[in-house]
Amino acid sequence: MKAIKYVFSICLIALIVFSCEDDENLDFVDTANAPTNLSLLTEITQDNTGLVKITPLGEGVTSYNLNLGDGSDMVTNIAPGAFVENTYAEGTYDVTLIAKALNGDTTTLTQQIVVSFQAPQNLVVTIENDPGISKQVNITATADFAMSNQINFGDGSEVVTGNIGETISHIYDDPGIYTITLVAMGGAIETTTYTEDFEVTAIVAPLASAPAQPARADGDVISIFSSAYNDVPGTNYFPDWGQGGQGSSWALFDLGGDEMLQYINLSYQGIALADGTSVDVSGMEFLHLDVWTADVVTDIEVSLINNPASAAEAPVTRPLTADSWTTIEIPISEYVDQGLSVNEIFQLKFVGTPWAAGTVFIDNIYFYKEPSQAPTIAGTWKVAPVAGSLAVGPTPGSGDWFSISDAQVAERACFYDDTYVFGTDGSFANVLGADTWIEGWQSGSADACGAPIAPHNGGAATYTYNDAAGTVTINGTGSYLGIPKATNTGEISTPGDAPSSITYNVTLDDINNMTVEIEAGGGVFWTYKLVREGDVPSSPLAGSWSVAPEAGSLAVGPTPGSGDWFSISDAQVAERACFYDDEYVFGNDGSFANVLGTDTWIEGWQSGSADACGAPIAPHDGTPGTFVYDAVAGTVTINGTGSYLGIPKATNTGEIANPADAPSSITYDVTFIDDNTITVQIEAGGGVFWTYKLIKN
């Protein structure tokens with residue numbers, strides 16, 4: 001394993017050198033680490049000559065110097081991958097290794113080697129199953145007069161050589177009892193051997209939780225079993241269905257407070273909703289579940305069972321990856337294509353392959369559809385006051401170069417009370433209070449708490465959040481997330497270099513936790529962990545709206561806002577009372593509905609008769625839809641065939657003349673006059689502008 005790591009470090013250095021030839025920016029050299037994971041692989045010939053082969057190993061190394069410890073000259077400029085041979089007399093020697101990094105930093109290691117021409121004595125061997133890796137054994141041996149050992153793992157794999165006293169690990173293909181043989185070797189011809197029949201075990205339960213689930217609006221998910229969402233109440237997760245008699249069983253497995261379903265010797269088991277309860281998942285797009293198993297269960301069949309009266313079911317099978325969580329996403333269409341209706345799902349069934357032979361752990365069982373609106377980051381956020389919440393390294397998410405400690409979190413309390421406020425209207429603000437953490441490049445003094453320094457002192461700004469791309473752009477010189485020095489072009493060294501905007505990669509781990517990353521120059525990745533403070537703010541559109549019952553509230557003309565061609569009069573408002581009581585309902589979960597009642601204003605293109613009040617005509621009859629409000633762009637998109645604002649005939653491509661031509665979505669321009677009044681405009685074809693005035697009910 002060390003040799004593999006070492007080869008990787010050589011490749012990394014080669015890549016860095018190659019990059020230097022293509023890019024003269026060497027700023028990254030200053031951030032390089034001193035060499036790490038140093039060791040000396042020592043191998044002595046077993047012929048009483050004292051000839052020792054010494055191979056330096058390490059990561060992030062460009063060259064080595066080696067003091068052999070016997071009074072001879074230091075060996076210098078040893079290239080990575082090279083070795084040194086030296087003949088020692090019997091005795092104990094302190095060998096010193098000095099490793100140099102690309103930026104000149106060095107790391108020193110002193111390792112003792114014992115050269116003896118006696119056979120190893122007092123050999124003690126420790127063999128253990130690894131607590132975290134299934135079927136891995138860790139072997140450590142100590143002995144007097146020994147320098148190295150060879151291990152035969154007893155499974156036909158290659159014999160491995162390592163230093164005495166170091167741990168050597170091996171992963172077996174299968175659990176079971178294996179004869180492990182260790183030979184301790186020194187400089188003598190004679191060796192000492194140890195043999196043990198050892199039982200290698202497999203890990204049979206997960207050691208880590210399933211992946212965190214994304215933030216989802218209530219209307220976008222029907223949860224059966226998941227702590228991330230609101231589960232259907234009264235569900236029975238272990239109805240058994242008579243399988244206990246075949247040796248199948250179940251349990252609620254608790255992993256440090258994280259509960260998951262455990263099905264033991266899985267033949268078939270499943271889940272039953274409460275009596276009289278079913279869920280309509282026809283509006284959902286996927287069934288999600290996370291499954292963990294050891295290497296016995298290779299596949300899991302997941303069936304949906306619909307309609308308690310007929311109990312019609314359809315199965316879908318997915319493979320499982322041993323000893324890790326398998327995330328399964330099954331399109332609902334795979335069930336529908338088998339002829340299954342999915343409007344009354346009341347049971348789910350799980351079948352293991354092979355039958356009744358292994359155990360599975362299942363978490364996060366839910367149906368979902370793609371977000372009806374982007375998961376909002378609107379609200380107030382802080383950097384989480386925990387170790388590791390602020391980190392930087394050479395790869396996304398790493399903290400190899402710096403990861404804040406608990407002590408540093410306490411030291412920087414003035415930083416951890418800073419807030420980042422995303423408004424529902426697209427505004428953004430750094431709210432820093434009287435003091436924040438000021439670094440030397442800002443103040444010219446040592447890093448310490450201090451008054452905010454312009455322009456990083458909380459000026460007005462805006463933001464644009466792109467859920468699909470997973471990015472947020474902060475617009476406003478001096479506005480930032482995390483720390484002010486990390487920008488898209490590098491780490492700035494003077495406040496005057498603050499850019500006018502910065503784009504960050506963001507991941508909503510859930511509705512209250514956000515991971516923010518930025519590459520601040522080539523190969524310098526900062527990561528921040530943010531937590532929400534307070535509740536998710538409501539959309540400003542949330543609520544019920546109607547067209548204002550006043551003259552001019554419905555108009556059309558050749559320019560935005562004009563009523564040159566038509567502007568409704570007071571008499572027409574009275575005539576169309578059935579229209580003015582229509583409601584446009586925006587849910588805070590992204591849902592939308594036209595609530596029209598028993599009648600609305602029906603035009604001739606819909607009915608074939610004169611315009612008049614009448615029963616709503618499909619698809620403009622209140623079919624549920626969704627909406628996405630973009631505060632920065634000043635638009636709202638209504639999704640759902642037949643859903644609309646104002647009048648149904650005005651669409652983005654023109655005025656339709658047949659209900660069947662209703663589009664699947666319409667985008668409107670929206671302007672807030674005040675919290676309870678909006679102006680809605682749409683260009684319905686070239687140069688045809690409809691304007692509606694809506695008021696909140």
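Before I show you anything, one definition: strands here are DSSP runs of E with at least two residues, helices are runs of H or I with at least four residues, and both are numbered from the N terminus. With that in hand, I can place P396, which sits in the loop between β26, residues 390-393, and β27, residues 402-403. Please keep in mind throughout that what we are looking at is a predicted model.

Let me stay with P396 for a moment. Which residues does P396 touch, once we leave aside its neighbours within four places in sequence? The contacts of P396 are with E517 and F525. In addition, the C-alpha atoms of P396 and G523 are separated by 8.7 Å, although these two residues are 127 residues apart along the chain.

From there I would like to move to T527, which belongs to strand β38, residues 525-533. Is T527 buried or exposed? T527 has a relative accessible area of 7%, and because buried means under 20%, T527 counts as buried. Not counting residues up to four places away in sequence, T527 touches S389, L390, A391, G397, T515, V516 and E517. One of these, G397, also offers its backbone nitrogen, which lies 3.4 Å from a polar atom of the T527 side chain. You may notice that E517 has come up twice, as a residue in contact with P396 and as a residue touched by T527.

Now let me step back to the whole protein chain. Its secondary structure comes to nine helices and 52 strands. The radius of gyration is 34 Å, well over the 26 Å that the globule rule gives for 697 residues, so the chain is more spread out than a compact globule. If we look along the principal axes, the C-alpha trace spans about 115 × 75 × 40 Å. Of the 697 residues, 44% count as buried, and the chain exposes about 30500 Å², with carbon and sulfur atoms supplying 51% of that area. Among contacts between residues at least 6 apart in sequence, 62% join residues at least 24 apart.

Next, some of the strand pairing. Close to the start of the numbering there is an open sheet of three strands, in the order β1-β2-β5, with antiparallel pairing. The edges of this sheet are β1, residues 36-44, and β5, residues 84-87; each has a single partner strand, so one side of each is left without a neighbour in the sheet. On average, and ignoring direction, neighbouring strands of this sheet are turned by 25 degrees against each other. Strand β2, residues 51-59, is joined to β5 by four bridges, and within this pairing K53 has E85 of β5 as its bridge partner.

Further along, strands β13, residues 176-185, and β14, residues 192-200, run antiparallel and are joined by nine bridges. These two strands form a hairpin with six residues between them, and the bridge partner of G176 in β14 is V200.

My third example follows β28, residues 419-422, which is joined by three bridges to β25, residues 379-383, in an antiparallel arrangement. In that pairing, F422 of β28 is the bridge partner of G379. Strand β28 is also joined to β29, residues 427-431, by four bridges, and this pair runs antiparallel as well, with T419 bridging to V431. There are four residues between β28 and β29 in their hairpin, where G426 takes a positive phi near 90 degrees.

That brings me to the backbone angles. Most residues other than glycine have a negative phi, and most peptide bonds are trans. What is the phi of N77, which is not a glycine? It is positive, at about 50 degrees. N77 lies in strand β4, residues 75-78, and at 62% relative accessibility it counts as exposed. D323 has a positive phi too, near 60 degrees; its place is in the loop between β21 and β22, and with a relative accessible area of 29% it is partly exposed.

Finally, there are cis peptide bonds to look at. The bond from T353 to P354 is cis, with omega near 0 degrees, and P354 is found in the loop between β23 and β24. The bond from A454 to P455 is likewise cis, and P455 has its place in the loop between β31 and β32.

Definitions and conventions: Residues numbered from 1 in each chain as written. Predicted model: local features only at pLDDT ≥ 70, side-chain atom pairs only at ≥ 80, totals over all residues. Heavy atoms only, no water. Buried < 20%, exposed > 50% of the residue type's maximum accessible area, 1.4 Å probe, protein only. Polar contact = N/O pair within 3.5 Å; in protein donor to acceptor, adjacent residues only side chain to side chain. Contact = heavy atoms within 4.5 Å. Pairing = 2+ DSSP bridges. Axes fitted to C-alpha atoms, helices over the stretch in contact; angles between N-to-C directions. Rg over C-alpha atoms; globule rule 2.2 N^0.38 Å. Areas by Shrake-Rupley, 256 points an atom, 1.4 Å probe, with all protein chains shown as cover.
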